[in-house]
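Trainee: I have a new structure to go through. Can we talk it over?
Mentor: Sure, let's open it.

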Amino acid sequence: MNNSLEQAQQISASIDITGRKMEFDFEPGDIPRYWYGNNAFKSTFMNALSCLFPEGERMFMDAVRDNQQCVTDPQLLQQIKGFIKQEAIHGHEHAQYNDFLKRWQYPIDKIMNFEKKEKVWLKKWLSPARRLAMTCALEHFTAIMAHQVLTNPDFTEGMHPQFKEMWRWHAIEETEHKAVAYDVYQQAVGSYWLRIYTMLVVTVMFCFRTSLFQAIFLWKDGQLFNPKVWWHGVKFYFLKPGLVRNIWSDYLDYFRRDFHPWMHDNRELLQQWEAEGQKYKAV
Ligand SMILES: [Fe+2]
Ligand SMILES: [Fe+2]
């Protein structure tokens, strides 16, 4: 956390959010089942995350749309448009990624149906304010994990280049729009207690859901009870790259009363990524 709340709000207001249609040369032919360092744990972990995205991101778009009538600031309204474009494209790309996983006999259709039903249930039973609080919590998770993807070379080491390119692009856009849902929440809802209570619930749900989908994939591969795979899990979370160890303190920042996502200023990552000369069509 390197900025005050005031500085963070100023940064947030200055961010332009562009929808980018990427020109991925996605050639699935040569991608191995364990595309991430030939490691079953890491590959199935990322695959499980990918399965959360298409419906999850639709839920985020709905939650922001359902609260935007409280927003009058034209810059934030513009950012909402960019946020919706970005999440729509992410959902589309991850749906293709998930379809690709079917080649390994993973029950993707069943998982997607389950996710769809849950989204309908959430929309029916939870108020727009609660769904927006969920969105803010999950956007915090995606932002702090995206920071790892973009800054921790141990995290991306061994990824198949095509998947790596896709995950880096998603991480960049998650960084770029990390405060949009949060800024809408502050204007439309504002409750600190709803925000942190929801974060606690979402943390349990998110960890449970990711682990469940990952366990299904490992079960299908006959690897669920392989001690080596479990050891790779411990290493992944706590040693190298040490995902949990590295994101823990960023995660806790969310519980501060004066938290804002741009208190953690990592705009230089956006500039670096653009400077690499990425090919995309702005939409
Ligand atoms: Fe996204
Ligand atoms: Fe997002």
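Trainee: Which helices each supply at least two residues of the lining of the largest cavity?
Mentor: Helix 2 (40-65), helix 4 (108-125), helix 5, helix 7 and helix 9 (192-220). This is a predicted model, where local features need pLDDT of at least 70, side-chain atom pairs count only at pLDDT 80 or more, and totals for chains, interfaces and linings use all residues. Residues are numbered from 1 along each chain as its sequence is written, and side-chain values use heavy atoms, with hydrogens and water left out. Helices (H or I, at least four residues) and strands (E, at least two) are DSSP runs, numbered from the N terminus.

Trainee: What counts as a cavity?
Mentor: On a 1 Å grid over the protein atoms alone, it is a set of points where a 1.4 Å probe fits but cannot get out. Lining residues have an atom within 4 Å of a point.

Trainee: How much space lies in the largest cavity?
Mentor: About 480 Å³. That volume is the space filled by probe spheres set on the points, with grid points joined across faces, edges and corners. Of the 27 lining residues, Leu-52, Phe-53, Phe-60, Leu-138 and Phe-206 are the closest to its centre.

Trainee: Which helix gives the most to that lining?
Mentor: Helix 2, with eight residues.

Trainee: And what classes of residue make up the lining of the largest cavity?
Mentor: There are 18 nonpolar, three polar and six charged residues. Here Ala, Val, Leu, Ile, Met, Phe, Trp, Tyr, Cys and Pro count as nonpolar, Asp, Glu, Lys and Arg as charged, and the others, Gly among them, as polar.

Trainee: How does the lining of the second largest cavity divide?
Mentor: Into five nonpolar, five polar and three charged residues. Helix 5 gives the most there, with four residues.

Trainee: New topic. Which residues of helix 12 are buried?
Mentor: Leu-269, Leu-270 and Trp-273 are buried (under 20% relative accessible area, 1.4 Å probe, protein chains only) in helix 12 (residues 267-275). They cover an arc of only 100 degrees around the axis, so they sit on the same side of helix 12. The arc is that of the directions from the helix axis to the C-beta atoms.

Trainee: What does the face turned away carry?
Mentor: The exposed (over 50%) residues Gln-271 and Ala-275.

Trainee: What covers the buried residues of helix 12?
Mentor: The cover includes strand 1 (20-22), helix 5 (128-151), helix 7 (161-176) and strand 2 (280-282). Contact means heavy atoms within 4.5 Å.

How values were computed:
Chains lettered and ligands numbered in written order. 1 Å grid on protein atoms, 1.4 Å probe; cavity = no way out; pocket = protein on both sides within 12 Å on 5 of 7 lines; lining within 4 Å.
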